Amino acid sequence: MSVLSAVVEATRSGRVEILDLTTPLQESTPILELPPPLANTHRFELELLSRYDEKGPAWYWNDIHTGEHTGTHLDAPVHWITGRDGLDVSQAPMTTLVGPAAVIDMTGEVEKDADFLLEIEHVRAWEAEHGPLPDGGWLLYRTGWAARGDDAAAFANADESGPHTPGVSVECARWLARDTPITGFGVETVGTDAGAAHSFEPAFPCHSELMGANKWGLTSLRGVDRLPPTGAVLIVCPLPIVGGSGSPARVLALVEK
Ligand code: MN
């Protein structure tokens, strides 16, 4: 049997499950909210054109309004100033969009501390148990945060000092970008950086380091808890927005039972 026939057969029989890791897109989909004078992205919005009426007697359709970074989305290298000469979202290599996923589970730590930061030692410990990070693949950071996804306040988890959501330390972000073979880093939170990363030195290390290394970010993932530590294949489908800094993306995972 050909490899692809075997894949089709496996999905039909249930031996390989196809999981949807995407946050549904609707007006209530959480987005990043920056303080003034910084510009904010557009909430997802449907604008009715016609619905079997005088503007379109036999058809229903809408315009959509959305930011590039709304809901589950891909961050392209050009999104950050460190990657300004890098690839835009339409240029994502197919081998980045389809690749193996490693999943590191820090749910327990994040339950104790919403500002928890992933450190190099955590990833080293994961590697000692599961083997090296996948060459050209994705590291997905499981935090349990997606459980808050239908409650905008709990998802943002902000107080007077700003948002409190898990992220990655400066040292770990630099190491993931420069010294590991991954092509991208995926998270359950609204962005790849910690809620408090505006105050880090340097600020927003995940964005700065990953994009600067021509790597990719994936955010607002759901169902990461259904993935094994190794062995899943991620299929990331952003819109090919020419010149785009990112795009909402349907993200699927193939998981062998
Ligand atoms: Mn983004």
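Me: Where in the predicted model does H164 sit?
Reply: Residues are numbered from 1 along each chain as its sequence is written. The model is predicted: local features need pLDDT of at least 70, side-chain atom pairs count only at 80 or more, totals for chains, interfaces and linings use all residues, and side-chain values use heavy atoms, without hydrogens or water. H164 lies in the loop between two strands (DSSP runs of E, at least two residues, numbered from the N terminus), namely β9 (162-163) and β10 (167-168).

Me: Is H164 buried or exposed?
Reply: The relative accessible area of H164 is 17%. Buried means under 20%, exposed over 50%, partly exposed in between, with a 1.4 Å probe and protein chains only. H164 therefore counts as buried.

Me: Which side chain makes a polar contact of 2.9 Å with the side chain of H164?
Reply: A polar contact pairs N or O atoms within 3.5 Å, one able to donate a hydrogen and the other to accept it; sequence-adjacent residues count only if both atoms are side-chain atoms. The S161 side chain pairs with that of H164 at 3.0 Å. The partner at 2.9 Å is D115.

Me: Which residues is H164 in contact with, leaving aside its neighbours within four places in sequence?
Reply: Contact means heavy atoms within 4.5 Å. D115, already named for its polar contact with H164, is on this list too. In full, the residues touching H164 beyond those neighbours are A114, D115, W145, A156, N157 and D159.

Notes. Helices (H or I, at least four residues) and strands (E, at least two) are DSSP runs, numbered from the N terminus.
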